[in-house]
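I sat down with this one to poke at a few spots and jot down what turned up. Notes follow in the order I looked.

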Amino acid sequence: MEMMEIWQTALTEIKQVLSAPVFDMWIKQLQPGRLLDDQRFEILTGNAFAASYVQDHYGSLLESTLSTAAGRIIRPVFVVDPDPPQTTQPPQETVIRPAAPATSGVDGRYTFDNFVVGSCNQFAHAAAARVADAPATAYNPLYIQGGVGLGKTHLLHAIGNALFRARPEGKTLYITSEKFMNQMVESIRFNQAHHFRENFRSVDILLVDDIQFIAGKKGTQEEFFHTFNALQAASKQVVITSDSFPGEIDHLEERLRSRFSQGLVVDIHPPDLETRMAILKKKAAQEGMDLQDDVAFFLAETIQTNVRELEGALIRAFLLASLEKEPVTLTLVKESLRGTVLRAEPRMVSMEKIIETVASYFKIRPMDIRSDKRARRYSHPRQVAMFLCKQLTRHSYPDIALEFGGRNHTTVLYAVDKIASLKEVDTDLEQAVNTLSAMLRK
């Protein structure tokens, strides 16, 4: 088998293992080089940071898949080539898409094309795309839950834009629940309740953002309940977002909880490191800017929970670079964040606190995590704790090893790499790590 064929076979296998953002960010950009001898195969990367990161995080995966495809040991050797040969791609035709009418409330900037899909949001993205493709035939209502700045609103607008392009004659309406309430109050004030109801109950798809705002507002809940029922009776689609699940919204009427839960409820988690980097890269491309890997890595490590703040930090850096007529370097980005994000999001957590929190989560004792017990009940939480110590503190591998009973630092390195790799294919582990990270940052 020729080396190029081996390379393509390995890429196909790796693509099945890694999430799309991880593959696109780190593996897709790699280019095959020369076969140096019977075992060593040259892999070209665009810069030293990418070479180091891929070797540390995906070197073993590349070696195993290349070796399996070749039927013999193939060891990747990463070489920095600022201008690696690229596969020739046909020029893409620029398609000018019509914008949704302003009266729909849909923002044309947010589409499925510029939504970065990762393991944190792929279920919500798939459900939203299905609704856009075939509204009111499945997932009605679609209820999307997630924290602030994770992409709920983006998906609502993406649905609206996709529907407008596919069915420009249809009526789509995006509105926040707060605006729904305000319009209802104004309609009562000016004796126009009939027009208000006709406006909302005549749509083909209603996109409602932040439904939790109507909690405790009896009149608004009453009106929305009847609007919801009217749309469902007419086989029209309703999509709702909230920062809480239906059963967790205090002072929400039970009949609304029931209606919201009868369709499909999906949630969005905070994005992992690679997804955050992919988001930054895509945002930079939209702004016509080049974003170096080390800068993207620093921003993604610094801002870990909120996509909106992540993009805001990037725009702030671009603005400073424009004002000072300098490139977007790591030094400039750190300067642009000084006194704002860097101070607002302290990342330092004590290793003792991490061990205590992980032990409590897995229902074992902190001393068990520090012990030499090898049963999976103890070794798995221990590896998770080591991973979090590396993610959430500035301590070195030897420092972490010392905290965990004076182990060798290579044990910590192995644990960190193992949890990082498993998170890509084990959604339960990813959720556990995200939950623990959120708990430790409070």
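**Loops and odd backbone**

I began with proline 141, which lies in the loop between helix H4 (122-133) and strand S4 (142-146). I checked the peptide bond leading into it: from asparagine 140 to proline 141 the bond is cis, with omega near 5 degrees. Note to self: this is a predicted model, so I read every value here as computed from the prediction.

Next I went after positive phi values. Most residues other than glycine have a negative phi, and most peptide bonds are trans, so I flag the exceptions. Asparagine 191 is one of them, with phi near 60 degrees. I found asparagine 191 in the loop between helix H6 (177-189) and helix H7 (193-201). Asparagine 191 counts as exposed because its relative accessible area is 71%, and the cut-off for exposed is over 50%.

Aspartate 210 also has a positive phi, about 55 degrees, and is not a glycine either. The loop that holds aspartate 210 runs between strand S6 (205-209) and helix H8 (218-233). Aspartate 210 comes out as partly exposed, because its relative accessible area is 30%.

**A buried asparagine**

I then looked up asparagine 161, in helix H5 (residues 152-166). Buried or exposed? Asparagine 161 is buried, at 4% relative accessible area. I looked for a partner for its side chain and found the backbone oxygen of aspartate 107, 2.9 Å from a polar atom of that side chain.

**Cores**

Which residues touch the most other members of the largest nonpolar core? Trp26 and Ile27 do, in a core of 52 residues. I listed the elements that give two or more residues to this core, and among them are helix H1 (3-17), helix H2 (20-27), strand S2 (40-45) and helix H10 (273-286). There is also a second, separate core of 27 residues, including Leu388, Cys389 and Leu392.

I pulled the contacts of tryptophan 26, leaving aside neighbours within four places in sequence: they are Phe49, Ala50, Tyr53, Val54, Tyr58, Glu274, Met277 and Asp293.

**Leucine 61**

Leucine 61 sits in helix H3 (residues 48-70). I have it down as partly exposed because its relative accessibility is 21%, and buried would need under 20%. Not counting residues up to four places away in sequence, leucine 61 touches Ile14 and Leu18. I also checked leucine 61 against serine 421: they are 360 residues apart in sequence, yet their C-alpha atoms are 9.2 Å apart in space.

**H19 and H20**

Last stop was helix H20 (residues 427-441), which packs against helix H19 (residues 409-423) at an angle of about 115 degrees, with the axes 8 Å apart. Ile419, Leu422 and Lys423 on the H19 side meet Leu429, Glu430 and Val433 on the H20 side. I sorted the residues of this contact into 4 nonpolar, 2 charged and no polar.

H20 itself has 15 residues and spans 21 Å from first C-alpha to last, close to the 21 Å expected at 1.5 Å a residue. Its N-terminal end is capped by aspartate 426, with a side-chain oxygen 3.1 Å from the backbone nitrogen of aspartate 428. The buried residues of H20 include Glu430, Asn434 and Ser437 as well as Leu436 and Leu440. I noted what covers the buried residues of H20, and the list includes helix H15 (351-361), helix H17 (376-392) and H19.

How values were computed
Residues are numbered from 1 along each chain as its sequence is written. This is a predicted model: local features need pLDDT of at least 70, side-chain atom pairs count only at pLDDT 80 or more; totals for chains, interfaces and linings use all residues. Side-chain values use heavy atoms; hydrogens and water are left out. Helices (H or I, at least four residues) and strands (E, at least two) are DSSP runs, numbered from the N terminus. Buried means under 20% relative accessible area, exposed over 50%, partly exposed in between (1.4 Å probe, protein chains only). Contact means heavy atoms within 4.5 Å. Axes are lines fitted to C-alpha atoms, for helices over the stretch in contact, and angles run from 0 to 180 degrees between N-to-C directions. Ala, Val, Leu, Ile, Met, Phe, Trp, Tyr, Cys and Pro count as nonpolar, Asp, Glu, Lys and Arg as charged, and the others, Gly among them, as polar. A nonpolar core is a set of buried Ala, Val, Leu, Ile, Met, Phe, Trp, Tyr and Cys residues joined through side-chain atoms within 4.5 Å. The expected span of a helix is 1.5 Å times one less than its number of residues. A polar contact is a pair of N or O atoms within 3.5 Å; within protein, one must be able to donate a hydrogen and the other to accept it, and residues adjacent in sequence count only if both atoms are side-chain atoms.
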